[in-house]
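I opened this notebook to record what I looked up on charged side-chain pairs and on one helix. The entries follow the order in which I consulted the coordinates.

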Amino acid sequence: MTTVAAPTSAALALDAACDHLLDLQSPEGWWKAELQTNVTMDAEDLLLREFLGIRTEEDTAEAARWIRSEQRDDGTWANFHGGPGNLSTTIEAYAALRLAGDRTDAPHMWAAARFIRESGGIEASRVFTRIWLAMFGQWRWEKLPVLPPEMVFLPPWFPLNVYDWACWARQTIVPLTIVSARRPVRPLPFDLAELRTGRLVRPRPRGVFTALDRALHRYERRPVPGLRQAALRRAAEWIVARQESDGSWGGIQPPWVYSLIALHLQGYHLDHPVMKKGIAGLDRFTIRDEKGRRLEACQSPVWDTVLAVNGLLDAGLPGDHPALVKASGWLLAEEIRSPGDWSVRRPSLPPGGWAFEFDNDGYPDIDDTAEAILALRRVRHPDVRPAVDRAVRWITGMASRDGGFGAFDADNTRELCKKLPFCDFGAVIDPPTADVTAHVVEALAAERPDSPVVRRAVVWLLKAQEADGSWFGRWGANHVYGTGAVLPALVAAGVRPGSPCVRRAVTWLERHQNGDGGWGEDLRSYSDPAWIGRGHSTPSQTAWALLALLAAGERSPAVRGGVEWLVGHQRADGTWDEPHFTGTGFPGDFYINYHLYRLVFPISALGRYVRSGDEAQEEPT
């Protein structure tokens, strides 16, 4: 298509955004913005501290202030900005506010309790919520699915062994086997009778798995004593071996809190080094400001940093810019050179990659590593090349049998885990996805374009295209994210912009552009197809659509409309507002607002748009 000169306003917006991003860089070289989720993090933090006997009035008051501020006018709490009220989230928030001393007849508590009862009460809540309630005597352990600790003895080839679960799930399941076996009850100073309906909620029929759960309940009444004690010891050892240097487990909240509870039940006192480090580490994930006290479910410094570096390079910063050199030095120090759980499926593969967090050496991920390759190969740093080569070798070896790529493991595709009665919340396996596979293709196409791994991954992506021309987004919302990732990857791998698969995707994006020129997709699209490609325009999603269209060679009215939306919605300080969540933890259940997305992706999109008329070449490494 005919190339036109980039508007001066787009260039000015790009300069302002880059200046803002550069000002956010830490002295050590990394970028990190808040990773916002929902109030279950804060409610469960208070419940954890109550269970361990370390809850303070100050922490409780500050957390309660934050939780109240997030309550909606209808009395509920949602899992994402603008989303519907969520039953389990509202129950946990309500219980936390009861801990804080809020009266049941207070208007905000009365409204919450009414919603809970009308939605089925505690009886209709998710299993994780009922586990928390059981630990405080508000639910019967006998009415929960059984998770026997003996499962830690199952070999990796046996169905339902711990390595069949996704890494985030296995790190949660193993400690919960201890909690399930110990069945602790530490009563609260109040009852939650006002949240019960008395109605029996029958579980979904699961055939043989329901029968298996019944058999496990029978076994739980009379477990083999020696085997049970050995299993509890092995599970505790498994947990301790995976504690990270910052005290966390996997750098994420669910395995962290359940590991602390499980080890405490196994006799680890609060002054034990493992427990002390685990509890102290939570402070690093705690934000205190005028809104109150809140806990990040995770932190994303590596992810934020590689996206920032790629964005600034897309904007035209040279590879030897001091900020980029400093960032690459920090990234090189974060490279993981040791094996982890991924080695169970790939025992002979040498390590070499990056994780998401500051301290998560046990779980490097393929997505971060791909983006790190794309960033580091364009930065002039003397130590880049060996690290990039190791990373290319590692992610090449992490291809699944079908040619696609998951996030943390290879061939983590056994569906049996999803059928257990326990699994009513979140993704529990880590199969290949279009967005991760696309990032790998884009990275490897820059390094090894003729690799058979790239060709197989491209075929995987072509097969994964939806009938409407889009791609599903596992780790971002949703089809806009998936399509925004796949189109640049396919073009980088040699797929012609005029190819039918590319044209169908372009048509889908153009059809789903909002009237204001931007793009948005509501997180309800994961459960309701009517929302696919529909939602309030956001900076990050508009940028994803632009990245896809620009890769396809478009300089159309749709592209200009998207650029004008970004320019017109930029704040005076160079960034953008984005209250809507556009990141995905578990499709359908758990979502994330990455506060840096609103800046780094518009920089990449505007940078590629402004420079699209130039014959800019990559900086050599």
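**Salt bridges**

I began with the total: the structure, which is a predicted model, holds 41 salt bridges.

I then asked which residue K32 pairs with in a salt bridge. The partner is E296, and the closest N and O atoms are 3.9 Å apart. I noted that this pair links distant parts of the chain, the two residues being 264 residues apart. K32 sits in the loop between α1 (8-23) and β1 (35-36), while E296 sits in the loop between β3 (292-295) and α12 (301-314).

Are the two partners buried or exposed? I found K32 to be partly exposed, with a relative accessible area of 29%. E296 has a relative accessible area of 3% and is therefore buried, the cut-off being under 20%.

My next entry concerns D191, which forms a salt bridge with R196. The closest N and O atoms of this pair are 3.2 Å apart. D191 is partly exposed at a relative accessible area of 39%, and R196 also counts as partly exposed, at 28%.

I looked up K418 as well. Its side chain meets that of E415 in a salt bridge, with an N to O distance of 3.0 Å. For K418 I recorded a relative accessible area of 41%, hence partly exposed; E415 has 41% relative accessibility and falls in the partly exposed class too.

Beyond single pairs, I asked which residues are linked in a network of salt bridges. One such network joins the acidic residues D45, D59 and E62 with the arginines R49, R288 and R293.

**Helix α4**

I turned to α4, which covers residues 87-99. What span should its 13 residues have, and what separates its end C-alpha atoms? At 1.5 Å a residue the helix should span 18 Å, and the end C-alpha atoms lie 19 Å apart, which agrees. The expected value is 18 Å because the rise is multiplied by one less than the number of residues.

I next checked how α4 is covered. The helix is mostly covered, with 13 of its 13 residues buried.

Finally, I examined the surroundings of its ends. At the N-terminal end of α4, N86 acts as the cap: a side-chain oxygen lies 3.2 Å from the backbone nitrogen of S88. After α4 comes G101, and I recorded its phi as positive, near 100 degrees.

Conventions:
Residues are numbered from 1 along each chain as its sequence is written. This is a predicted model: local features need pLDDT of at least 70, side-chain atom pairs count only at pLDDT 80 or more; totals for chains, interfaces and linings use all residues. Side-chain values use heavy atoms; hydrogens and water are left out. A salt bridge is a side-chain nitrogen of Lys or Arg within 4 Å of a carboxyl oxygen of Asp or Glu. Helices (H or I, at least four residues) and strands (E, at least two) are DSSP runs, numbered from the N terminus. Buried means under 20% relative accessible area, exposed over 50%, partly exposed in between (1.4 Å probe, protein chains only). A polar contact is a pair of N or O atoms within 3.5 Å; within protein, one must be able to donate a hydrogen and the other to accept it, and residues adjacent in sequence count only if both atoms are side-chain atoms.
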